[in-house]
Amino acid sequence: MRSTASAPGQIPPPVAAAAAEPRIATPLRSVHAGWGAVGRDAARFVLLAAAYFVAARIGLHYGMSHGNISPVWPASGVAIAGVLAWGLRMAPAVALGNGLAVMVTEASLFATLSSAVAATVETVLAGLLLRWIVGKRLPFYRVIDLVHWVLWAGIAATAVGAAVGVSGMTAGGIGLGEAFNRLWVGWWLGDMMGVLWVAPVFLTVPADWRRADLSRPALFQAGLIAALIVALGLIVFGEPWPELTAFTNPLTFVTVPLIVWATFVFGQRGAALSTLLMGGIAIWGTGEGVGPFARSEPAAAFFLLQTYLAITAISAQLFAALLSEHRMTRTQLRALNDGLEQRVRERTRELAELNRQRAAVGALATHDLKGMITALLGYANILRGDRQMSHDELAEVGSYTWELGTRLHDLLDNLYQWSTLQVDKLVHTPQSIDVALLLADMQWLIARQARRKGVNVVLEPCQDCRISADPHMTEAVLRNLVTNAFKFTPSGGTVTLAARPVSGPHGASLVELSVKDNGVGIDPPRLETLFRFDDRSTRPGTQGEKGTGLGLALSKDLVDFLGGTLRIDSTPGRGTICIVTLPRAEG
């Protein structure tokens, strides 16, 4: 929009200069990747200035004689698209393109500067408002964003730019014969039409290009829609047959279904291109003085054209935004449904595994409990018999009874811990635990068993080592590991209880507790099933000791619950080491 109009001539079609993908990715990014930032910006600057110049010359072709203000100004759409795609640093290119376009019409220097300043202010204001309100999203894929686009870029920014331009003209003595309001409205409507009609093409087409359907059916449908738009546009706005003149006004509405068709099939890209094509034909026809908007007064004709283009463009973009939101919602619902189905499948597998574990644990525990209770009843029957027993016989029976009671206690404790884990009722109460005292307690707990079996117990605690863990759970884990070590260590062997500070991932401070024996070791196939509750294959110890089959699997679950790790390394015939890593207590 500019002051002055020279003799109109044929102007080449505008160049698609400003384009952007949804997150401000641009088509020049890959082409000029090797140029560096300065080279890319220079290329974009030149391209935007040239595109603005061409679009401005098209607008000046339709300049009004009163005040020399054009009702058709596609350059405003090119400018805003360029700034949104490439940043506000491209604003000087808008000023340069505008200034050159107005200068070639032999306008005065003041008129040229006024027009350039107005175009720059309008473009920068629109860019700032959209970045502040909408962000880096393209404002065409959500209804609320589209409302902001129309309100701030289409109406507010263009109104300010028109006010700046007309004020400059008035201050320079240009257009004094016209009322300020009339000049301002003409300038404003021309710029608004350019923003709403042209900018969406340069922003949505590159953004959707990678997702474009280039199959033969899609290309055929696109070609068919374009051909129908051109044919119907020429009939409605070109009036090739005089006898149709009386029907051109009703036929104007026939153009809408074609735009709706393009929008429904191709989204925002279809809406932008179809309105651009139909609008271009409508502008040509109106400029030639034919079509439904032709009037004896050009200003009135172009006002009707501006109204048609604005309503058509906004309606098509709104329909496309609604379709986009519907598709996004459908995609999100599908993703949520897929995620829910996946969670149901995972939960079903977890429940099946839990049921299998419960069945295995129940069968194993029932078998062990039955055996222990039977043995206890046998010893009780001996004690209540009539035969007098010697001191040694009583001591032996008492020793066996104590051992059975200990095993029964451990089994019931393990069952309790496991059951509370399964129903998520186990409460983790971390406390600062002295590792040296913890290992000493373990040594005292197994002292009698060690003496009876002839196994040496070695302590290797670290100084001033404390862990942050639940005391009862930690003791249960170590008790199971130590009991297992004694079970498979022969007489004369050694069980070592050790601790040392270590560093974990990201510099975490940890303590490593280890139970090491030089017993029979574990075969590699057996190592893979140690932590499974459904593995009922328990082995007797070196002196026929029996186990519950729950200890290692429960210990693994408890350590995981405490936020630690449990690792077992073993070599058949040489022994086993169980390593528990837990967080180190602060201070």
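**View 1. Here's helix 17, with plenty of its residues tucked away.** In this predicted model, helix 17 covers residues 551-561. Gly551, Leu552, Ala553, Leu554, Ser555, Leu558 and Val559 are its buried residues. Step just past the end of helix 17 and you meet Gly563, whose phi is positive, at about 85 degrees.

**View 2. Now for the open sheet, five strands in the order 2-4-5-7-6.** Pairing here is mixed. Strand 2 (456-460) and strand 6 (565-571) sit at the edges with a single partner strand each, so one side of each has no neighbour in the sheet. On average, neighbouring strands are turned by 15 degrees against each other, ignoring direction.

**View 3. Zoom in on strands 4 and 5, an antiparallel pair.** Nine bridges hold strand 4 (residues 494-503) and strand 5 (residues 509-517) side by side. One to look for links Leu497 with its bridge partner in strand 5, Val515.

**View 4. Two helices pack on that sheet.** Helix 13 (residues 435-445) touches strands 2, 4 and 5, and its direction makes about 165 degrees with that of strand 4. Helix 17 touches strand 6 and strand 7 (575-583), making about 145 degrees with the direction of strand 6.

**View 5. Last up, the largest nonpolar core, with 80 residues.** Tyr52, Trp149, Phe237 and Ile283 touch the most other members. Helix 7 (residues 180-209) supplies the largest share of this core, 16 residues. Apart from this core lies another, of 38 residues, including Leu438, Val477, Val495 and Leu552.

Note on methods. Residues are numbered from 1 along each chain as its sequence is written. This is a predicted model: local features need pLDDT of at least 70, side-chain atom pairs count only at pLDDT 80 or more; totals for chains, interfaces and linings use all residues. Side-chain values use heavy atoms; hydrogens and water are left out. A nonpolar core is a set of buried Ala, Val, Leu, Ile, Met, Phe, Trp, Tyr and Cys residues joined through side-chain atoms within 4.5 Å. Buried means under 20% relative accessible area, exposed over 50%, partly exposed in between (1.4 Å probe, protein chains only). Helices (H or I, at least four residues) and strands (E, at least two) are DSSP runs, numbered from the N terminus. Two strands pair if DSSP finds at least two bridges between them. Axes are lines fitted to C-alpha atoms, for helices over the stretch in contact, and angles run from 0 to 180 degrees between N-to-C directions. Contact means heavy atoms within 4.5 Å.
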